[in-house]
Structure formats: C-alpha cells, structure tokens
Amino acid sequence: MSTFSGLNTAYTALVAARQGLDVVGQNIANSSTAGYTRQRVNTSAIGSVAQVGPLTARFSVGQGVSVDGIARLGNTFLDARARTASASSGYWDARSSAMSTLEGTLQEPGANGVSASLQKFWAAWSDLGNNAGKPAPAAVLLSQANALAAQVATGYQQVDQQWASQRAETEGNVTALNDAGKQIADLNARIRTTVASGAPANEMVDQRNVLAATVAKLAGGTVRESQDGTVEVLIGGNALVSGTIFNEVKLTGSYLMAGAGASPVQLEWASRPGSAVALDGGSIAGGLAVLAPADGSGTGGALAEAAETYNTFATQLATQVNAIHSAGVIADNTTGHAFFGFNGALPAALGLTVVPTDVTTISTGTGGFDGSVADAIAQIGVAASSPDSVWSAMVSGIGAAARSANQQSSIADLTTTTAVGAQLSNSSVDLDEENMNMLTYQRAYQGAARVMTAVDELLDTLINHTGLVGR
Amino acid sequence: MYTRITNQTINFSAQRNLQANKVLLDKIQEQGTSRQAINQPSDDPVGTAKALQVRNAQAANAQYGRNIDDGNGWVGTLDTTLTAATNIMNRIRDLTVQGANDGSMSTAAKSAIASELSSLKGELLTQANATYLGRSVFAGNTAAAVAFDPTTYAYNGDPTNVSTVQRRVDANTTVRVDADGAATFGVVNTANPAADTSVFTLIDNIVSDLNTGTNISARLTEIDQRMEAIRGQQAVTGTGQTMLDRASDAKNNRTVSLEAQRSSVEDVDLAKVILDLQTQQTTYQASLAITAKVLQPSLMDFLR
C-alpha cells in the first residue's frame, strides 16, 4: 500500500462529487425540457489491490470511488404505454374534430338550418294554395324554393370543402411522419456510433423518444429496441425505420370527394405502390377513416356519407314534390310539369334547380283557382316519409356519431393523460430531489477535500518533522 | 404503489385540472347565454330529432292558423252576402204579394213595383257575384271574372261541383269555404223554361207579368223555393264557420302544447344553469387558489 494512496482515494472522491454536481446541474437545467429524462451518476467503490509479500499489511482498505457511467432513468414500458395511448387519442381526436366541424355546418336545431327552410317552403305552398293564381304568393314560393335549393347546395359544398381540407391536413400529417422517421434513422446512426465509443447518448435517446412519440400520435405503431442502441419503428407491422434505414410512406388517392369512391385515399409505402398500410391508430388513421368513401349502407366515411345523405335528401324532395306537381295543370292547361329539376352533370344536392319561373308555370291544382295540388304538396312536410324526416335522421345521425366520437376522444385523452403522467412521474426532474443530491455531492466534495488535507498534514509530519527529536 | 411526484407532474396535473374546469365553465356559459340546452346536435342527438319534429309540427300548425284566417274571410263574406240576399228576397216577396193585389192596384203602381223589382234584381246579382280578395265566393275554383253573367244569368262556376274551395285546418281535415252558386241562386235553362230555377229569370218573369197585367200570385211558391235554397246555403255556411272556429280553438291549444314541448327539449332551466355556474365558479376559483399555493414553494426557498 503506497504512502500516497490516501491522496488518490480522496482525489477519486473529488472527481465523483464533481461529476455528480455536473449531472445535477444538467438535470436542473433541463427540468422543463420536453422529453428530457433525468440522469444519475453511477458510482462504485474500488476494492483494495491484492498484495503479496512479507511486508504487506494484513488488512487494506479500498482505493476510492469509480464513476461507472451516467444512467438515464427512463422506463421503456412506460414510454411504450404512453405511445399506445397517444396513438388512440390521435385517432379519436382527428375523428372527433372532423365530426364537430361537420355538425357545426348543419346549423341545427335553429332558425337557420335546412329544416327551417323546408318548413317555410311547405308553408309557401299552402299560402299559394289559398291564393291560387296570384303572382305574389307564387313569387314567395319560388324564392323559398330557390333558397332551399341553394341551402342544400351550400351544405353539400361545405362537406366537400371539409373533405378537401381534411385530405390536405392528412397530407401534412404524412409529411410530418416522414420527417420524424427520417430523423429517427439519423439519430439511430449517431447513437450507434456514440454507444460503440462508450460515451453516453442519453440526450440523443431522449430526442429519439420524442420523435417516436410523434410517430405514435400520427400513425400508431410500435418501437423495438436493438442491442446496438438503435430502434426499429414499425407501423402496420412493417418497418418505417429499421436501424439507419428509413422507408418513406405517402398518401395516394383522389384529391376530390367525388373521386374518392373510385380511388380511395390511402397510406402506402413509397417502395410498394398500391398496397395500403394497415394503421392501428394515430391521427392519420383517424383522418383516413373520415375520408373513406360512402359504402351504401351508411357506415362509410362520415363526410362522404353526409354528402350522400344530402343527395338522397335532394332526390327525395324533388321526387315527392314532382310526383304531385306533375299531376296538376299549369296556366296553359297542360299536365306533367316538374317543379324541381336536376343538372345531370352535378351531384343531386348541387344540381337541384327550380323549374317554374312565375305563377303561370306553377301547378296549384286541377284548373282555374283550384289549390288541391298545392295543398297536397304542403302536406308532404307532415307525412311519415317526408324529406323532413330524411333530414332529421341525418342531423340526429351526425349528432350521435359526433357525440360518440367526442366521448371516445375524451376517454382516449384520459388514458393518455394517465400514461403520460406515469411516464413523467418516472422520468421528470424533481427539483427538491436535485437539491438534496446537490447538498449530498457538495458535502461529499468538502469531505474529500478535508481527507486530502489530513493526508497532506500526515505526510508533512512524516517528511519534514521525522528525526528531529531532541534538536 | 409509491408514485413519484415531481414539479413537472404537479404542473401537468394542475394544468389539466384547470383546463377541465375551464371547459366546464365554458359549457355552462354557452348554455346560460344562449339559453339553449342543445347548441350542437351532439349535445343531445335524440333531443335534436325531437326538436326538429316539434319545430316542423309548429310550422305546420302556424300554417293551419293562416289557412283558418283565410277561411274565416271567405265564410264571413259568404255569410254577409247570404244575409243581404235573404233581405233582398224578403223585399221581393213583399213586393210580389203587394203586386198580386190586382183589384186595388193601378197600372202606374204596378210599374213602380216592377221597376223596384228590377233594381232589386240588380242588387241580388251584385250579391251573387260577391268576391273575397278578387275571387268570386259562389264560383268555386273557376277563373271566370263573375259567378253569374249579368245579362244571361248563366252560372260560370263549376257546374258539377267537383272542384270546391277547401281550406286545410289540420293534418287530416279540410273545410269547404265557398258556396255552390248554382244551388243557391239556381241555373238558367232557356231550352226548357219549366226547368229554369234561376232566381234572376224568376224576377224578370215577375216584372214582365206585372207589365203585361198577368196575376203574379202564382210566382210566390217559386219565390219561397228560392228563398229556401238561400237559407239552406246559409245554414251550410254556418256549419263551415263552426268547423273553422273549432279548428281554430284546437290550433290554439296545439300552439301552447307544442311550444311547451319545444321549450322542454330545447331550452335550459335557467335556475339550474345559474346554480351550476356558481358551483363551477367556486370550483374553478378553488383550483386556482390551490394551484397557486402548491406550485410556489420548493426546497430552494428553505436552503440557506
């Protein structure tokens, strides 16, 4: 055992305490950095050197403290749980916000919705029936009919525009997903090099975790860790990122709602065009669910189904009114005239037009001032299978779908909050704890310095004051 | 399990709770200021469907109200017209009875009666061609300008009486608001004078009888028949009026009950909203105060 070994022991203690203080500083500095995971210095005691020979002491103490590394106190299971939860909440958020926008365009119940226009339309027929042949009520009827047709067309266009903006938003999300994937692949490469050289890569791992969370929020997926420090990010069972290799995805399909039936919007691997990525969550999956084409049974994409219902409504309205209207005669005593017409090139809701232009081309009855046809048309509004009931079913259907999407979204949000809370609870920096550590390291440093002084004084006695007895 | 609490988790949950409280406040504020329980269909999809249905029924009911008002105009016009016609017929009968006294009447007196009868016929014709808002009340749905031709007395209305003027007073009922002119004032039949039931030809005949000196007492039966027809029509019109009145009562009752239904579905209970608001406000203030207290201190404040 060397005479000076005590000094070295104290020195290792100084180094360890300083390292500890540095890490405390790093933790406090990043206490509010998003995604930062707290770190700790791992130390271990150095044992005594094995000695042989006649002059060795029987017992010897250890050689001080060794700094083994700086550990990142993350928990991969909590991270995975937070990612799964945020995939689900991303999916329901996208659906819920789309449904809220959609139901907002309905303006029901209230005085500005289609139902109010319909009621005014039926009332105008009744008034015209009471005053058959008069230009004033006929003009009122025509303006109500045109307003109703315009409102139906506007409603349809709003759905169409929402579809287009939803597609653009999903496109933006796909770009964000590709960006995140590219950065993860890049970080994988740097982390692998750093880990191979033995240095800690904690901060880069934190950054990569943030990106992985972004991927999960956008497209669900799972993260698998490899031995060399890299991760594999899988979406729909296939690798978006594998080591340093990044596979691009892209959004394909129609840019217009009208073409979505023939060419549905889907997420594809750039390297394998034509096969859709089977997403298991995330806001892209939510967006794609909203963008899905109508399937004829009312369970397709919310927007396309709403547009389809607008068409059904317009067709029903025209068919029911025309059936009665064409039985009556107009001013020139001819029958078979339609009240509503369609522009064949457009969807029914957009192409709905009013055929008559004045009182002479509206049929109110069987001749003269007869108002029986007008009365029968006005009665459509209170019939069981009226266009009103088609509209009412659509409004309450969209309302129910929006309500359930909202509920799912709040449940998913709650799950996410719990998962993120658990993740934060494990990984976030606690200032009180860091203060305690700071005190500990500070005192350890002071103690080590004191030990060093003591050893120094001891050596001073040995070197400078030995053999001076009796001088 | 021991959960590690850090400054960040406290911040995180404080933020979340404050946000949740604010969302609730906003919801109550929206309900309170709009006074509506349903602002979006998703607030209550079933209630929305019911609200739409009730509003539809309300609109239809309001329209029935307008129809009833219009019908009242028709029936009122008819009633006035028929009363006037009855009065005219009474006068005509009186004059006919007077003119039938052959012995005591001079030719001059008879011609005076004849000329008064002629002018009464004109008045009766005016009544028979009475209009409501430009439509002849005795001519059904025809587009003809007058119900009875002023010279030939021909009836221009629908002779077969297929197309009558009807007003819808509720979903299943219509009320006839015009009168059959042919039945009321009779029809001319120039080919077979014996089958001629027109009141106007009758008066013309009395006038010509008076002028030629024929005794007109035989005409009294015919006058009574015509008066009977007019009074009969008045009774029919009265029935129509009763139906309209009853429909109007029913419509008013429906207005009240439909409005109550609409209100129960769509409107908020203001007292409840205010109470909720107060509670929510207290909760929010408490959460603000507690958050402010909890977030402040750290060990740093106590280390010297």
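Reader: Which strands of chain A does helix α4 (residues 135-196) of chain A lie across?
Author: This is a predicted model, in which local features need pLDDT of at least 70, side-chain atom pairs count only at pLDDT 80 or more, and totals for chains, interfaces and linings use all residues. Residues are numbered from 1 along each chain as its sequence is written, and chains are lettered from A and ligands numbered from 1 in the order in which they are written. Helices (DSSP runs of H or I, at least four residues) and strands (E, at least two) are numbered from the N terminus. Helix α4 (residues 135-196) of chain A lies across β7 and β8 of chain A.

Reader: At about what angle does α4 of chain A run to β7(A)?
Author: Axes are lines fitted to C-alpha atoms, for helices over the stretch in contact, and angles run from 0 to 180 degrees between N-to-C directions. On that scale, helix α4 of chain A runs to β7(A) at about 170°.

Reader: In what order do the 3 strands of the open sheet in chain A stand?
Author: Two strands pair if DSSP finds at least two bridges between them. β7(A) and β8 (residues 266-269) of chain A pair over 4 bridges in the antiparallel sense, and 2 bridges join β8(A) to β9(A), also running antiparallel. Leu251(A) stands opposite Leu267(A) in β8(A), and the partner of Glu268(A) in β9(A) is Ala276(A). The sheet is open and has the order β7-β8-β9.

Reader: Which strands stand at the edges of the sheet?
Author: Its 3 strands follow the order β7-β8-β9 with antiparallel pairing. An edge strand here has a single partner strand, so one side of it is left without a neighbour in the sheet. The strands in that position are β7 and β9 (272-276) of chain A.

Reader: By how many degrees are neighbouring strands of this β7-β8-β9 sheet turned against each other on average?
Author: The sheet is open and antiparallel. With direction ignored, the average turn between its neighbouring strands is 40°.

Reader: Which side chains of β7 (residues 249-252) of chain A are buried?
Author: A residue is buried if 20 or more other C-beta atoms, placed from the backbone, lie within 10 Å of its own, exposed if 12 or fewer, and partly exposed in between. The side chains of β7(A) alternate, and Lys250(A) and Thr252(A) point to a face where they are not buried. Pointing to the other face, the buried ones are Val249(A) and Leu251(A).

Reader: Why does Glu434(A) count as buried?
Author: Glu434(A) is placed in helix α11 (residues 431-465) of chain A. Leaving out residues up to four places away in sequence, Glu434(A) touches Val24(A), Asn27(A), Ile28(A) and Val429(A) (contact means C-beta atoms, placed from the backbone, within 7 Å). Glu434(A) counts as buried because its C-beta neighbours inside 10 Å number 23.

Reader: How many residues are in the largest nonpolar core?
Author: A nonpolar core is a set of buried Ala, Val, Leu, Ile, Met, Phe, Trp, Tyr and Cys residues joined through C-beta atoms within 7 Å. Those with the most contacts inside the largest core are Trp125(A), Val152(A), Val215(A), Leu303(A), Tyr310(A), Ala314(A) and Ile377(A). Ala314(A) touches Val152(A), Ala348(A), Ala349(A) and Leu352(A), not counting residues up to four places away in sequence. The number of residues in the largest core is 156.

Reader: Which element gives the largest share of this core of 156 residues?
Author: Trp125(A) and Val152(A) are among the residues with the most contacts in it. The largest share, 17 residues, comes from an element of the other chain, α2(B).

Reader: Which element gives the largest share of the side of chain B that touches chain A?
Author: The contact takes 41 residues from chain A and 42 residues from chain B. On the chain B side, the elements giving two or more residues are α1 (7-34), α2 (45-99) and β3 (166-170) of chain B. The largest share, 15 residues, comes from α2(B).

Reader: What radius of gyration does chain B have?
Author: Chain B has 7 helices and 4 strands, and its C-alpha trace spans about 140 × 35 × 25 Å along the principal axes. A compact globule of 304 residues would be near 19 Å (the radius is taken over C-alpha atoms, and the globule rule is 2.2 Å times the number of residues to the power 0.38). Chain B has 39 Å.

Reader: And what radius of gyration does chain A have?
Author: Chain A has 11 helices and 11 strands, and its C-alpha atoms fill a box of roughly 150 × 45 × 30 Å along the principal axes. For a compact globule of 471 residues the value would be near 23 Å, but chain A has 38 Å.

Methods
Contact = placed C-beta atoms within 7 Å.
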